[in-house]
Amino acid sequence: PSWPRVPIGRFLPTETDLVAVALGRVALVTMPGEPVTALGREIKDAAGARWPHVVVAGVSNDYLGYFIRPEDDARTGYVTCAALYGPRLGPCLVATARELLRRLPEPGAMTEAVAPACDFR
């Protein structure tokens, strides 16, 4: 339910890392928690033909809980109640993952991809 408020915000991390790497035609994007399936699907769909195989590796490098979409927020359930950062972080992470995939070099090239920070508040 949306009415309970627990003042834990000051104890939660305000920064995290996402990493994108590619090997051949396979790309991997890390997520610092557990995205709902639809968020992972958005990342994979955005990769298009350039990265026909995308792995969204949840619970990697950090753990910030569950990530949901704004339309999921109205549904009462375990995942929505455990989405400590609210419904805006999921789309923010998807946008960052998409940008990381876009910045990855073509297969065979070696370089680093860094995406700009997003503000989900």
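How many salt bridges does a search of the whole structure find? The search finds six, and the close-ups below visit some of them in this predicted model.

**View 1. Helix α3 from end to end.** Helix α3 covers residues 89-103, a run of 15 residues. At 1.5 Å a residue this helix should span 21 Å, and its end C-alpha atoms are indeed 21 Å apart, so expectation and model agree.

**View 2. The buried residues of helix α3 and what covers them.** Take a look at the residues of α3 that are buried: Leu-89, Gly-90, Cys-92, Leu-93, Val-94, Thr-96, Ala-97, Glu-99, Leu-100 and Leu-101. Their cover includes the strands β1 (20-23), β2 (26-30), β4 (53-57) and β5 (66-67), together with helix α1 (37-47).

**View 3. Glu-99 and Arg-102 in helix α3.** Here Glu-99 forms a salt bridge with Arg-102, and the closest N and O atoms are 2.6 Å apart. Side chains of opposite charge can pair when their charged atoms come close. The two residues are three apart in helix α3, so about one helical turn separates Glu-99 from Arg-102. Glu-99 has a relative accessible area of 18%, which falls under the 20% limit and therefore counts as buried. Arg-102, at 53% relative accessibility, is over 50% and so counts as exposed.

**View 4. Glu-99 again, now with Arg-103.** Arg-103 also forms a salt bridge with Glu-99, with 2.5 Å between the closest N and O atoms. Both residues lie in helix α3, four residues apart, which is about one turn of the helix. An α-helix has 3.6 residues a turn, so residues three or four places apart point the same way. How accessible is Arg-103? Its relative accessibility is 36%, so Arg-103 counts as partly exposed.

**View 5. Asp-72 and Arg-75.** Away from the Glu-99 pairs, let us turn to another bridge. Asp-72 forms a salt bridge with Arg-75, and their closest N and O atoms are 2.9 Å apart. Is Asp-72 buried or exposed? With a relative accessible area of 7%, Asp-72 is buried. Its partner Arg-75 counts as partly exposed, at 49% relative accessibility.

**View 6. The network around Asp-72 and Arg-75.** Step back a little, and Asp-72 and Arg-75 turn out to belong to a network of salt bridges that also links Arg-69 and Glu-71.

Definitions and conventions. Residues numbered from 1 in each chain as written. Predicted model: local features only at pLDDT ≥ 70, side-chain atom pairs only at ≥ 80, totals over all residues. Heavy atoms only, no water. Expected span 1.5 Å × (residues − 1). Buried < 20%, exposed > 50% of the residue type's maximum accessible area, 1.4 Å probe, protein only. Contact = heavy atoms within 4.5 Å. Salt bridge = Lys/Arg side-chain N within 4 Å of Asp/Glu carboxyl O.
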